[in-house]
Amino acid sequence: MSEQKLEVFNVLNFLNSGYELEDILNEGQFGTFPSANDCISYLVKEGYLEGDFKPVKTDDDSKEEVTAEEVSKKYTVVELKDILRENGLKVSGKKQELVERVLPVFNGENDASEESQSLDDFDKSNNLTLTDKAQEFINENDWMDLYMFALVAFRFEDYETYVANSSEGKIETALKFCDEIISRALVRNQFLVFIDALSAKAHVYAYDGDYDSFLDYDLQRYILGLNPIVMDAQTYATYDVINEANVLNLKNVTEKLEMGSLKKRFDKIWNKSHIKHTYVPKKTAFKTLQKAINGANIEELNFDLKEKFFNKRFGI
């Protein structure tokens, strides 16, 4: 139910922000709904959307599967081949083979076909608008927007419970949530959770427009990514020393905003990080960051760093 609540919020929030329904449906993920059609039907039924809407009628609605005999009687070979071609399926063979091949399409087992059909219907139903109930739902749950922006690395149910028990504002609650995860991760030596929480905290600051703090925490995430507080062989086997998303964030902020000397800030955050076991020396770490920001191949940089500074430590 919590996941469905988040999906509902996302659709309504995007509509409220001026996005077209068709664009939202094309981009959306409907994990708790069988299709986009079911999602919108639910929103209309629950009173979040109002206006003209005619759900797609499919053979699934009757919950009775179409039989091979029915298909064979109703469609010619040419028609069957057209249907198969539209669904990207093989069109050669005798009529009985075509019938067997097309049955999953008619019985709703072809997900791509079903979604396409639903979205075509939405193109014709463009008169749906948000109701007062929808506006109230968005206002009451605006913390979900921050969750989607900064905290998706963590379980939605956990954060929903945390928000319900917090008396702080939206930003303060999110920052405290990150701090608690960071503290627990350090105690339990959960390094990957720790750097995910650092990145999340950086994004909470970005959401609030505090890009100075964002840059500081994202730099710390980069520095500690190259110098893990704790690392075992099992974790290292699939570990990327440089995180591509992390570098992209740093690149975007430093390019678009006047943030002062990156080297001075890097030195400050390095010292603040209190690195006890250095894997990648400070000078090399900064030069590597410059290369990454300037467009060097991240995969190659990761390979080089692992070869030079990590592999021997893990017996590779």
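Before we look at any residue, let me fix one term: a residue is called buried when its relative accessible area is under 20%, exposed when that area is over 50%, and partly exposed in between, using a 1.4 Å probe and protein chains only. By that rule Asp 267, at 18% relative accessibility, counts as buried.

What you see above is a predicted model, in which local features need a pLDDT of at least 70 and side-chain atom pairs count only at pLDDT 80 or more, while totals for chains, interfaces and linings use all residues. Residues are numbered from 1 along each chain as its sequence is written, and side-chain values use heavy atoms, with hydrogens and water left out.

To begin with the whole protein, 43% of its 316 residues count as buried, and its secondary structure comes to 18 helices and 2 strands, where helices (H or I, at least four residues) and strands (E, at least two) are DSSP runs numbered from the N terminus.

Now back to Asp 267, and to its partners. Which residues meet Asp 267 in a salt bridge? By salt bridge I mean a side-chain nitrogen of Lys or Arg within 4 Å of a carboxyl oxygen of Asp or Glu. One partner is Lys 263, with N to O at 2.9 Å, and these two residues both lie in helix H16, 4 residues apart, about one turn of the helix. Another is Lys 282, with N to O at 3.3 Å; since Lys 282 lies in helix H17 (residues 282-293) and Asp 267 in helix H16, this pair ties together parts that are 15 residues apart in sequence. Lys 263 is partly exposed at 37%, and Lys 282 is partly exposed too, at 29% relative accessibility.

Helix H16 (residues 262-272) also holds Lys 268, which forms a salt bridge with Asp 216, the closest N and O atoms being 3.5 Å apart. Asp 216 lies in helix H13 (residues 211-226), so the pair ties together parts that are 52 residues apart in sequence. Here Asp 216 is buried, with a relative accessible area of 13%, whereas Lys 268 is partly exposed at 45%. Both belong to a network of salt bridges that links Asp 212, Asp 216, Arg 265 and Lys 268, and the count of salt bridges comes to 13.

Finally, a word on helix H1 (residues 2-16), where Asn 16 is found. The C-alpha atoms of Asn 16 and Thr 129 are separated by 9.1 Å, although the two residues are 113 residues apart along the chain.
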